[in-house]
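Me: Please take a close look at a single helix in this model and explain how it is placed against the rest of the chain. A connected account would be preferred to a list.

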Amino acid sequence: MIRIAMCDDETMFLQTYQKKVSELFQEHNVDCKIDTYTDARRFLEDCEKTSYDLIFLDIDMPEMSGMELAAEIRAMNSAAALIF
């Protein structure tokens, strides 16, 4: 199973993108679990407990930019693929 995380401050975007990504993986018969976050700090806390294979990040977020968040993630998990 592929573990996927999405972090974006816009809930509507997360819902739409989660659905599209899930459908794509299902079309290819690949199991995935997608966790979504609207809060970068909460996402970082969960990253300490969960190892993600693929992470989608919004670049422009109010609390912490996607680039800053990526640097923190890299310090914890250098193997995850990051998509902005």
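Reply: The account below begins with the chain as a whole, turns to helix α1, and ends with the strands that cover it.

The model is a predicted one. Its chain contains three helices and four strands, and their order along the sequence is β-α-β-α-β-α-β. For 84 residues, a compact globule would be expected to have a radius of gyration near 12 Å, and the chain, at 12 Å, agrees with that expectation. The C-alpha trace spans about 35 × 25 × 20 Å along its principal axes. Of the 84 residues, 36% are buried. Among contacts with a separation of 6 or more, 65% join residues that lie 24 or more positions apart.

Within this chain, helix α1 comprises the 17 residues 11-27. At 1.5 Å a residue, α1 should span 24 Å, and its end C-alpha atoms are indeed 24 Å apart, so the expected and computed lengths agree. After the helix comes Asn29, which has a positive phi, near 55°.

The two sides of α1 differ in their exposure. Leu14, Val21 and Phe25 are buried, that is, under 20% relative accessible area. These residues cover an arc of only 45° around the axis, and therefore lie on the same side of α1. The general background is that an α-helix has 3.6 residues a turn, so residues three or four places apart point the same way. The other side of α1 carries Met12, Lys19, Lys20, Gln26 and Glu27, which are exposed.

What, then, covers the buried residues of α1? The cover includes three strands: β1 (2-7), β2 (32-37) and β3 (54-57).

Of these, β3 deserves a closer description. Both of its faces are covered: Leu54 and Phe56 are buried on one side, and Ile55 and Leu57 are buried on the other. Strand β3 also pairs with two other strands. With β1 the pairing is parallel and extends over four bridges; here Ala5 stands opposite Ile55 of β3. With β4 (residues 81-83) the strands again run parallel, joined by three bridges, and Phe56 stands opposite Ile83 of β4.

Taken together, α1 has Leu14, Val21 and Phe25 buried, with β1, β2 and β3 included in what covers them. Strand β3, in turn, is paired with β1 and joined to β4.

Terms used. Residues numbered from 1 in each chain as written. Predicted model: local features only at pLDDT ≥ 70, side-chain atom pairs only at ≥ 80, totals over all residues. Heavy atoms only, no water. Expected span 1.5 Å × (residues − 1). Buried < 20%, exposed > 50% of the residue type's maximum accessible area, 1.4 Å probe, protein only. Arc of directions from axis to C-beta. Contact = heavy atoms within 4.5 Å. Rg over C-alpha atoms; globule rule 2.2 N^0.38 Å. Pairing = 2+ DSSP bridges.
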